[in-house]
Amino acid sequence: MKKVQFFTKENCLLCDEAEVLLEAMQAVYPFLIEKIDIYEDDVLLEKYQIEIPVVKLGDVELNSTQLTFENLEAMLLKNEME
């Protein structure tokens, strides 16, 4: 089963909304969510601090401005075809 990495932090409303979207998508496209708190890794904090939430599948990343139902679905569909 494919694994989607979900970069997040505590007390983040956008992250909470993205998590609800990811969980809803699991009903249609089976995948595991690997939830990663960027505050537990200095490298991730520096990389993602102003972009979270970020969802990554393979080499495709969607940041907070790109994270929509349509973009997430396209990412999941593209991964199914590979």
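This report describes strand pairing, a disulfide, salt bridges and one helix residue in a predicted model.

## Strand pairing and the β-α-β unit

Strand β1, residues 3-8, takes part in two pairings. With strand β2 (residues 32-37) the pairing is parallel and runs over six bridges; with strand β3 (residues 54-57) the sense is antiparallel, over three bridges. Individual bridge partners can be named on each side: Q5 is matched with E34 in β2, and F6 with V55 in β3.

Helix α1, which spans residues 13-25, joins β1 and β2 in a β-α-β unit of right-handed sense.

## The disulfide

The model contains one disulfide. C12 and C15 form this bond, with a separation of 2.4 Å between their sulfur atoms. The torsion about the S-S bond is about 70°, and the disulfide is therefore right-handed.

Both cysteines fall under the 20% limit for burial. C12 has a relative accessibility of 9% and so counts as buried; C15, at 1%, also counts as buried.

## Salt bridges

Side chains of opposite charge can pair when their charged atoms come close. Three salt bridges are found in the whole structure.

E34 forms a salt bridge with K3, and their closest N and O atoms lie 3.6 Å apart. This pair links distant parts of the chain, since E34 belongs to strand β2 and K3 to strand β1, 31 residues apart. E34, the bridge partner of Q5, is partly exposed at 28% relative accessibility, and K3 is partly exposed at 46%.

A further salt bridge joins the side chains of K35 and E19, with an N to O distance of 3.1 Å. Here strand β2, which holds K35, is linked to helix α1, which holds E19; the two residues are 16 residues apart.

K47 and E61 also meet through their side chains in a salt bridge, at 3.8 Å from N to O. K47 lies in helix α2 and E61 in strand β4 (residues 60-62), 14 residues apart, and the pair links distant parts of the chain. Both residues count as partly exposed: K47 has a relative accessibility of 46%, and E61 has a relative accessible area of 29%.

## L45 in helix α2

Helix α2 covers residues 42-48 and includes L45. When residues up to four places away in sequence are not counted, L45 touches I38 and Y39. The C-alpha atoms of L45 and T8 are separated by 9.7 Å, although the two residues are 37 residues apart along the chain.

Conventions
Residues are numbered from 1 along each chain as its sequence is written. This is a predicted model: local features need pLDDT of at least 70, side-chain atom pairs count only at pLDDT 80 or more; totals for chains, interfaces and linings use all residues. Side-chain values use heavy atoms; hydrogens and water are left out. Helices (H or I, at least four residues) and strands (E, at least two) are DSSP runs, numbered from the N terminus. Contact means heavy atoms within 4.5 Å. Two strands pair if DSSP finds at least two bridges between them. A crossover is right-handed if, with the strands pointing away from the viewer, the path from the first strand over the helix to the second runs clockwise. A disulfide is a pair of cysteine sulfur atoms within 2.5 Å. Buried means under 20% relative accessible area, exposed over 50%, partly exposed in between (1.4 Å probe, protein chains only). A salt bridge is a side-chain nitrogen of Lys or Arg within 4 Å of a carboxyl oxygen of Asp or Glu.
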